[in-house]
Amino acid sequence: VKLDLISPDALGGYQKCRDMRKALKEAAKLHANFIIQRNARQGNHFITPFPVVLNSVAVASRPVALRAEVSTASVSASSAAAPTPVTETDFETNNQEEGVDEADISKSDGTYVYTAYGDLLIVLDTDGNEVYRLRMPPIEPDEFDPLDEKEVTKDEPEDEPEVADKQPKDEVPIAVASPSEGVPIAIARPAVSASFIAPRRFVQRARIVAILLDIESERLSVVVSGYGHSIRRSLTIYPEHKGGVFSSFGNTHVRVYNTKSLTNKRTLTFMGFQNLNGNYRSARSIGKNAHIVTNTNMNNYQYLEGPLARFQAEFKDLDDDEYIAAAKKKAKGLVNTYAAQILKELQLRGNCKNTVKVVLLQQGLSTDNDMMNVTYSSGILNGYAEITSFDMSAKFRRKQIRAKKSGMFLPTSWFQVY
């Protein structure tokens with residue numbers, strides 16, 4: 001197994017995607033080696049895994065401090081002493097870097113205010129009057145239609161889910177045998193409330209998490225979350241009966257609108273969309289160019305750890321040495337499948353130049369055992385961060401945003417990516 005340590009060369013990416021696939025296989029081999037050795041040390045405990053139910057623990061309740069009462073006189077005095085509010089004409093986001101606009105849930109171009117409320121994009125004029133509102137496409141269980149957005153009015157009621165409206169049935173006699181005579185007798189079955197069987201269904205909605213605005217090109221980018229499950233169900237990149245390596249594939253969805261049509265038609269014109277890999281973390285725009293950061297954890301258990309577990313039937317009754325030999329043989333196929341599936345889900349279309357090389361994120365290791373420990377615990381292929389960049393002012397063919405992507409495999413997904 002050969003895997004490079006971190007160096008400036010790692011930022012150069014891969015000239016050929018087959019080189020990236022080789023590196024992914026090497027990292028997966030290290031991961032599999034650690035799993036096999038760990039399982040061998042633990043011995044053969046062939047027990048079908050069951051969910052563990054923890055005993056409930058009584059926790060002594062603590063008294064909650066009551067909120068202190070505030071004198072109305074002091075409040076009136078402080079209100080009276082408050083300075084007169086000053087009219088503010090600056091409508092831009094409070095950015096940290098000049099020329100770099102930060103995403104927010106409210107944006108303004110000086111004429112209109114664009115704000116997010118759940119799955120609604122609401123447009124107001126500068127006096128606070130509502131001009132337009134748009135509901136993002138609904139979340140469907142099996143498919144996702146990016147064009148199924150809906151213009152709604154302010155007073156339009158929320159969509160109500162269908163609720164079973166059935167009266168409880170009368171008691172139904174069930175024939176059973178009498179224990180004494182063996183003669184069928186009738187026992188009344190109690191009716192069950194229909195409301196208990198079919199409670200009101202929770203309706204999941206998408207959520208707008210960020211807005212970017214380019215005033216010059218009159219384009220608005222809306223970042224939405226919530227479609228991941230539907231998008232993954234509609235793809236054909238996953239093996240049968242298996243989920244993906246990237247747990248959050250499709251969880252972030254970006255939509256671009258033209259705001260120019262607000263002036264005459266009082267509406268937003270939908271221009272295009274793109275599904276992104278991972279959960280939304282941050283976004284910036286420099287002029288017309290948008291940059292969105294997402295990251296996701298990686299499902300290594302389903303592809304590597306689970307198949308090599310000692311409770312698998314093929315490893316039953318094997319001693320430690322026999323298990324190691326059988327597991328190594330199985331791991332060869334798992335590693336190939338794992339690396340191929342990662343490339344399939346990344347959808348790089350043959351361009352791997354903008355993906356940081358798969359390396360150990362340190363400059364030295366003392367032993368081979370250290371390398372395996374670092375690979376498994378600190379991680380190499382435990383998370384993936386991606387930056388998606390696109391021109392908001394572009395003309396999108398077939399409503400598809402043409403974007404460029406750069407990414408990096410990370411030790412974990414549990415940290416903020418800037």
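## An exposed arginine and its patch

Arginine 398 is exposed, with a relative accessible area of 71%. That value comes from a predicted model, as does everything else described here. To find arginine 398 in the viewer, go to the loop that runs between β15 (383-391) and β16 (404-410).

Arginine 398 also has company of like charge: together with Arg349, Arg397 and Arg402, Arg398 forms a positive surface patch. Because patch members need over 30% relative accessible area, arginine 398, at 71%, clears that cut-off.

## The largest nonpolar core

Now let's turn to the inside. The largest nonpolar core has 39 residues, and among these Val358 and Phe409 touch the most other members. Three elements give two or more residues to this core: α1 (17-42), α6 (300-305) and α7 (320-346). Which of them supplies the largest share? It is α1, with 11 residues.

## Helix positions and distant partners

Helix α1 is also home to glutamine 37. This glutamine is partly exposed, at a relative accessible area of 34%. Glutamine 37 and tyrosine 323 are 286 residues apart along the chain, yet their C-alpha atoms are separated by 9.8 Å.

A second pair of this kind involves leucine 262, found in helix α5 (residues 262-265). Is leucine 262 buried or exposed? Leucine 262 is buried, because its relative accessible area is 0%, and the cut-off for buried is under 20%. Its C-alpha atom lies 9.0 Å from that of tyrosine 112, although 150 residues along the chain come between the two positions in numbering.

## Two loop residues with positive phi

Two residues are worth a look for their backbone angles. Glutamate 218 has a phi near 55 degrees, a positive value in a residue other than glycine. Where does glutamate 218 sit? Its place is in the loop between β9 (207-214) and β10 (219-225). With 32% relative accessibility, glutamate 218 counts as partly exposed.

Glutamine 347 is the other one: here phi is near 50 degrees, again positive and again in a residue other than glycine. Glutamine 347 belongs to the loop between α7 and α8 (368-379). Its relative accessible area is 34%, so glutamine 347 is partly exposed.

Terms used. Residues are numbered from 1 along each chain as its sequence is written. This is a predicted model: local features need pLDDT of at least 70, side-chain atom pairs count only at pLDDT 80 or more; totals for chains, interfaces and linings use all residues. Side-chain values use heavy atoms; hydrogens and water are left out. Patches are made of residues with over 30% relative accessible area and no salt bridge: like charges are joined within 9 Å, nonpolar side chains (Val, Leu, Ile, Met, Phe, Trp, Tyr) within 5 Å. Accessible areas come from the Shrake-Rupley method with a 1.4 Å probe; for residues, only the protein chains shown count as cover. A salt bridge is a side-chain nitrogen of Lys or Arg within 4 Å of a carboxyl oxygen of Asp or Glu. Lys and Arg count as positive and Asp and Glu as negative; His and the chain ends are not counted. The place of a charge is taken as NZ of Lys, CZ of Arg, CG of Asp or CD of Glu. Helices (H or I, at least four residues) and strands (E, at least two) are DSSP runs, numbered from the N terminus. Buried means under 20% relative accessible area, exposed over 50%, partly exposed in between (1.4 Å probe, protein chains only). A nonpolar core is a set of buried Ala, Val, Leu, Ile, Met, Phe, Trp, Tyr and Cys residues joined through side-chain atoms within 4.5 Å.
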